[in-house]
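User: Hi! Could you walk me through this one? I'd like to start with the ligand site and then look at the sheets.

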Amino acid sequence: MPNILMPALSPTMEEGKLAKWLVKEGDTVNPGDVLAEIETDKATMEVESVDSGVVKQLLVAEGTEGVKVNTPIALVLAEGEEAPAGGPSPAETAPEPAEAPAVPAEKAAEAAPSAAAAPAAPKFEAAADPDLPEGVEMVEMTVRQALNEAMAEEMRRDKDVFVMGEEVAEYQGAYKVTQGLLQEFGKERVIDTPITEHGFAGLATGAAFAGLKPIVEFMTWNFAMQAIDQIINSAAKQLYMSGGQVTAPMVFRGPNGAAARVAAQHSQDYSAWYSHIPGLTVIAPYSAADAKGLLKAAIRSPNPVVFLENEILYGSTSEVPKVDDYVLPIGKARVARKGNDVTIVSFSMGMRYATQATEKLVAAGVDVELIDLRTLRPLDIDTVVESVKKTGRCVTVEEGWPQGGIGAEIASRLMEHAFDYLDAPVTRVTGKDVPMPYAANLEKLALPSVDEVIAAVNAVTYRS
Amino acid sequence: MARKAVASKAKAQSNLPELTKDQELEAYRDMLLIRRFEEKAGQMYGMGLIGGFCHLYIGQEAVVTGVTMASRKGEDAQITGYRDHGHMLVMGLDPKGVMAELTGRQGGLSKGKGGSMHMFSNEHRFYGGNGIVGAQASLGTGLAFAAKYRGEDTVSLTYFGDGAANQGQVYESFNMAKLWKLPVVFIIENNKYAMGTSLERSAATTDLSKRGLSFDIPGEQVDGMDVRMTYDAARRAIEHARSGKGPYILEMLTYRYRGHSMSDPAKYRTKEEVSQYRQERDPIEHSKARILDLKYATEEDLKTIETEVRAIVTEAADFATNDPEPDASELWTDITIPA
Ligand SMILES: Cc1ncc(C[n+]2csc(CCOP(=O)(O)OP(=O)(O)O)c2C)c(N)n1
Ligand SMILES: [Mg+2]
């Protein structure tokens with residue numbers, strides 16, 4: 001290429017000044033020789049020759065401002081090379097007028113539709129829960145046991161699955177969720193880490209890149225803020241950044257949300273935070289059965305999964321079907337109660353308030369439909385929309401803060417998909433918009449309550 | 001107990017530094033106040049008056065007592081993790097305010113909003129009271145940065161545990177502290193365990209005083225059960241930092257008698273280990289024996305101190321029990337400063 005083009009100094013540079021020529025016509029140049037200096041308001045750069053040859057013509061005068069990127073600025077010919085026929089003349093290569101030949105903006109957009117509109121996002125279709133065998137035995141167990149069984153079963157099934165985290169092995173888990181795993185699987189697969197969340201979350205992500213299936217336990221999700229960069233920047237984005245080559249098949253799990261009286265730094269709900277991130281799957285179960293079936297699904301998932309448990313729910317008991325391999329579909333909400341008057345949508349600990357409120361409301365004659373989201377990303381909005389088309393009213397319940405919360409997201413999606421069916425504004429019951437206070441009375445006020453759920457339902461059903 | 005100088009710059013000193021009579025008595029009283037206060041807090045937790053996490057300092061009293069005695073009280077900044085009650089008591093914060101914070105009452109140092117892990121005092125230059133393991137290392141380095149920036153000759157006394165010593169930001173802080181010659185003394189309270197994990201099970205190298213070597217930060221291991229040693233080491237470290245030579249690391253070899261927090265199965269160590277420390281190494285018993293031995297005070301005098309200390313603790317407990325909870329309107333205050 002005999003023409004030397006005006007280079008770009010940065011991805012956003014469109015034009016610049018040809019500040020100085022360091023060669024003149026007739027000079028012989030070699031690779032690496034500096035031909036010119038160009039300037040923008042941000043930087044100065046030297047234009048080097050790539051080939052050897054003779055400078056035949058300088059096409060832009062020294063001191064010219066507004067030289068567009070990629071405009072030929074000089075003609076350099078190799079020994080014996082001819083100038084291309086009809087090569088640029090100085091007149092032709094002068095900076096283009098700022099105004100391009102007038103094409104109406106709309107026409108231009110019409111001409112190149114592909115540049116304007118992004119293709120629609122593909123729709124996620126979740127499978128239905130598996131049918132249980134006729135007369136299946138149901139076993140009462142705590143959420144803690146259910147999570148423990150899920151890990152043990154998956155570790156028996158797949159040698160690549162291992163658990164790491166603070167106090168998961170010898171201490172048997174800070175909240176005893178990993179109890180017995182060290183004894184069964186040994187210290188190569190149940191690994192106590194130092195207190196280095198950022199480091200071991202990154203290490204586990206690297207191990208997942210290399211094909212292992214780590215379960216990373218955070219003592220609580222509060223401490224995962226030390227590690228959030230690895231979860232988001234490394235694990236969540238890896239598949240996309242690698243064009244689909246490198247996966248991070250792993251689970252980050254631990255208790256999320258407020259425990260009791262542990263104050264601001266130890267009581268946060270990260271549901272909305274992680275649900276914001278494309279590339280992550282986010283699960284937040286309430287019942288023991290869902291905890292088991294979804295944790296098993298999470299461990300088998302080829303994607304990085306953020307699995308949000310709740311310390312207060314660890315000890316709560318409910319029925320889990322006794323089947324060999326109880327795996328639930330990720331991304332499917334569960335209709336916990338069918339009803340016609342109002343839809344209450346919640347998940348995890350929020351379901352406790354929602355369930356208790358539902359009992360009282362039903363007793364008072366309100367036919368509540370109660371939906372447990374179970375998975376927060378992908379969000380099963382179809383189930384919510386279908387319900388709201390029937391009830392015309394929706395109340396969301398969560399422990400997290402209101403701004404940008406799960407309830408805010410649901411309200412927004414309902415406006416998009418069920419606007420004409422709404423008979424009342426979608427109403428959120430959330431944690432108060434404050435850091436969690438320590439004092440018992442203030443903590444109680446900061447959290448959502450059964451009464452607040454009832455009041456919200458009364459408001460949207462115009463019963464108050 | 002030998003103190004090991006790690007870096008060449010740490011001057012070798014006599015192994016048994018002496019305290020003056022006044023210092024011995026002051027240290028004894030301060031350590032006793034922490035001990036009795038913490039015992040009371042433990043009881044009140046058992047009675048349901050204190051909730052959440054409550055980490056007691058019993059056994060480690062000599063560390064903060066010696067360091068604070070070597071510091072300029074009210075001028076040098078201090079910052080630590082969640083095991084923070086002792087620091088506040090020795091720094092002179094009101095025991096009533098500390099106890100009432102533990103019970104979550106309006107008269108607490110944080111109006112009941114912070115609890116055991118989150119208490120602060122601008123007046124005494126105590127910056128908490130931090131619940132996230134390791135966070136105080138960088139925060140404390142920042143306190144030192146502010147002192148240098150303003151041309152003040154105050155020092156930041158930054159405490160963290162043996163478990164915290166594995167957090168990445170500790171080393172990021174070491175690097176900046178040395179690079180910018182910041183007046184910070186890093187005090188590693190090595191009580192041998194991070195919750196249920198012994199140092200040996202979590203650290204590739206267990207001499208934590210050497211953790212600053214690659215940054216050329218001098219460090220020493222100190223007998224953290226002997227207030228003379230902690231005082232003497234702190235005096236030198238603080239002098240080093242105050243004179244513009246940059247950071248210094250003191251690894252205080254100490255021991256906590258109680259569980260990590262109030263809920264701790266304590267299966268990770270033997271009863272013998274605990275009772276050996278209590279019987280043979282107790283900082284308060286040793287201090288008492290020395291005082292009597294040197295005739296700095298009589299048994300009778302020490303009883304008087306004990307009575308005074310108990311009265312302070314009882315008063316704090318009564319206050320913390322009877323003070324009302326914060327007003328509901330406090331829920332919405334102190335989030336941001338109204339512009
Ligand atoms: C970032 C972070 N990870 C985990 C925890 C939970 N945690 C609280 S204290 C503690 C042990 C810390 O041990 P150490 O630093 O030795 O201090 P000690 O309790 O012995 O005083 C752990 C793991 C936390 N608070 N913050
Ligand atoms: Mg420790």
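Analyst: Happy to. One term before the ligand: a residue is near a molecule if one of its heavy atoms lies within 4 Å of it. Also keep in mind that this is a predicted model.

User: Good, noted. With that cut-off, how many residues surround ligand 1, and which are the closest?

Analyst: There are 22 residues around ligand 1, and the closest are Glu197(A), Tyr82(B), Arg83(B), Gly131(B) and Ala164(B).

User: Why is the site shared between chains?

Analyst: The site is shared because the residues that surround ligand 1 come from chains A and B.

User: What is the mix of nonpolar, polar and charged residues in the shell around ligand 1?

Analyst: The shell around ligand 1 holds 10 nonpolar residues, eight polar ones and four charged ones.

User: And the polar contacts? Which atom of ligand 1 goes with the side chain of Glu197(A)?

Analyst: That is a nitrogen atom of ligand 1, which sits 2.5 Å from an N or O atom in the Glu197(A) side chain. On the chain B side, a polar backbone atom of Gly163(B) is 2.8 Å from an oxygen atom of ligand 1. Ala164(B) also has a backbone N or O atom 2.8 Å from an oxygen atom of ligand 1.

User: Handy for checking a pose. How much of the accessible area of ligand 1 does the protein cover?

Analyst: On its own, ligand 1 has 580 Å² of accessible area, and the protein covers 95% of that.

User: Great. Switching to the sheets: what is the order of the strands in the open sheet of five?

Analyst: In chain A the order is β17-β19-β18-β21-β22, and the pairing is mixed. β17 (334-337) and β22 (427-429) of chain A are the edge strands, each pairing on one side only. From one strand to the next, the twist averages 25°.

User: How do β17(A) and β19 pair?

Analyst: They are antiparallel, with three bridges between β17(A) and β19 (residues 368-372) of chain A. Within β19(A), Ile371(A) is the residue opposite Val335(A).

User: Which strands does helix α11 of chain A touch?

Analyst: Helix α11 (residues 350-363) of chain A packs on that sheet and touches β17, β18 (342-346), β19 and β21 (394-397) of chain A. Its direction makes about 165° with that of β19(A). Helix α12 (residues 381-391) of chain A lies across β17, β18, β19 and β21 of chain A, running at about 170° to β19(A).

User: Now the N-terminal end. Which strands does β2(A) pair with?

Analyst: β2 (residues 15-21) of chain A pairs with β7 (residues 64-68) of chain A, antiparallel over three bridges. There, Thr64(A) is the bridge partner of Leu18(A). β2(A) also runs antiparallel to β4 (residues 34-39) of chain A, joined by four bridges, and Trp21(A) stands opposite Ala36(A) in β4(A).

User: And what do β4(A) and β5(A) form?

Analyst: A hairpin, with four residues between the two strands. Five bridges join β4(A) to β5 (residues 44-48) of chain A, in the antiparallel sense. One of the bridge pairs is Glu39(A) with Thr44(A).

User: Last one: what is the order in the open sheet of four strands?

Analyst: In chain A the order is β1-β8-β6-β3, with antiparallel pairing. Its edge strands are β1 (3-5) and β3 (28-29) of chain A. Three bridges connect β1(A) with β8 (residues 72-77) of chain A, and Asn3(A) stands opposite Leu75(A) in β8(A).

Methods
Residues are numbered from 1 along each chain as its sequence is written. Chains are lettered from A and ligands numbered from 1 in the order in which they are written. This is a predicted model: local features need pLDDT of at least 70, side-chain atom pairs count only at pLDDT 80 or more; totals for chains, interfaces and linings use all residues. Side-chain values use heavy atoms; hydrogens and water are left out. Two strands pair if DSSP finds at least two bridges between them. Axes are lines fitted to C-alpha atoms, for helices over the stretch in contact, and angles run from 0 to 180 degrees between N-to-C directions. Contact means heavy atoms within 4.5 Å. A polar contact is a pair of N or O atoms within 3.5 Å; within protein, one must be able to donate a hydrogen and the other to accept it, and residues adjacent in sequence count only if both atoms are side-chain atoms. Accessible areas come from the Shrake-Rupley method with a 1.4 Å probe; for residues, only the protein chains shown count as cover. Ala, Val, Leu, Ile, Met, Phe, Trp, Tyr, Cys and Pro count as nonpolar, Asp, Glu, Lys and Arg as charged, and the others, Gly among them, as polar.
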